[in-house]
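Let's take a walk through this structure together, one piece at a time. Have the sequence and the 3D view ready below.

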Amino acid sequence: MQLTHYNTHFKKRKFPIILVCDNVSNAPNIGSLFRIADAFGVEKLILCGADISLGRKITKTSRATEKVVDYEIHESAAKVVEGLKATNYQMISLEITSTSKPLHTLKFSTEKPIALIIGDENFGVSEAILNISDLVVHIDMFGLNSSMNVVQATNIALYEITKQLI
């Protein structure tokens, strides 16, 4: 028998992870980020950018998870990241760079809470944020494309991080 959200027995929990979105602006992507923040027990979702509003396109994709996920909206991702870094968060950016480490090779520590920073659909995590990140990680890819959708990458990263924190 296929189970639904009414009869699954998954253990509900929150992880010390804040998901910081650096100018992610596509409404369906934002809605999907609410869903995965809920699914992976993310402590808080912080949406950063000039014109972020929760409209019908977001709520359609989020399937009402915007009502249960703790979230904030800020204009400046850099200011949010600096503030979290000052409060002892481990700053991890998800981006492909010349010095990024493969996500699957890392051991994530439970000693410090994690701020996972994801970037703009077209330009990724800003250079300013990459420069103050404690760690920059990427997902190994084996096809011709050099990147994947921000939501899909975030799903993979949160799966890897949370499975280590259980």
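Which residue in E7 does Ser93 stand opposite? The partner is Val136. Keep in mind as you look that this is a predicted model.

That pair is a good way into the sheet. Ser93 belongs to strand E4, which covers residues 90–94, while Val136 sits in strand E7, residues 135–138. The two strands run parallel and are joined by three bridges. E4 also pairs with E6, again in the parallel sense, this time over four bridges. Here you can find Gln90 opposite Ile114 of E6.

Now zoom out to the whole sheet. It is open and has seven strands, with parallel pairing and the order E3-E2-E1-E6-E4-E7-E5. At the edges are E3 (71–74) and E5 (101–102), each of which pairs on one side only. As a general reminder, strands of a sheet pair through backbone hydrogen bonds, either parallel or antiparallel. Towards the E3 edge, strand E2 (residues 42–48) pairs with E3 in the parallel sense over four bridges. If you would like a landmark there, look for Cys48, whose bridge partner in E3 is His74.

Next come the helices that pack on the sheet. Helix H5, residues 150–165, touches E1, E2, E4 and E6, and its direction makes about 165 degrees with that of E6. Helix H1 (residues 27–39) lies across E1 (15–22), E2, E3 and E6 (114–119). H1 runs at about 165 degrees to E2.

How does E4 fare among these neighbours: are its residues buried or exposed? Five of its five residues are buried, and both faces of the strand are covered. On one side you will see Gln90, Ile92 and Leu94, and on the other Met91 and Ser93. So the Ser93 we began with is a buried residue, taking buried to mean under 20% relative accessible area.

Let's finish with a closer look at H5. Its 16 residues reach 22 Å from the first C-alpha to the last, close to the 22 Å expected at 1.5 Å a residue. At the start of the helix, a side-chain oxygen of Asn149 comes to within 2.7 Å of the backbone nitrogen of Val151. Val151 is itself among the buried residues of H5, which also include Ala153, Ala157, Leu158, Ile161 and Leu165, along with Glu160 and Gln164. The buried residues of this helix pack against E1, H1, E2, E4 and E6, which brings us back to E4, the strand that holds Ser93.

Terms used
Residues numbered from 1 in each chain as written. Predicted model: local features only at pLDDT ≥ 70, side-chain atom pairs only at ≥ 80, totals over all residues. Heavy atoms only, no water. Pairing = 2+ DSSP bridges. Contact = heavy atoms within 4.5 Å. Axes fitted to C-alpha atoms, helices over the stretch in contact; angles between N-to-C directions. Buried < 20%, exposed > 50% of the residue type's maximum accessible area, 1.4 Å probe, protein only. Expected span 1.5 Å × (residues − 1). Polar contact = N/O pair within 3.5 Å; in protein donor to acceptor, adjacent residues only side chain to side chain.
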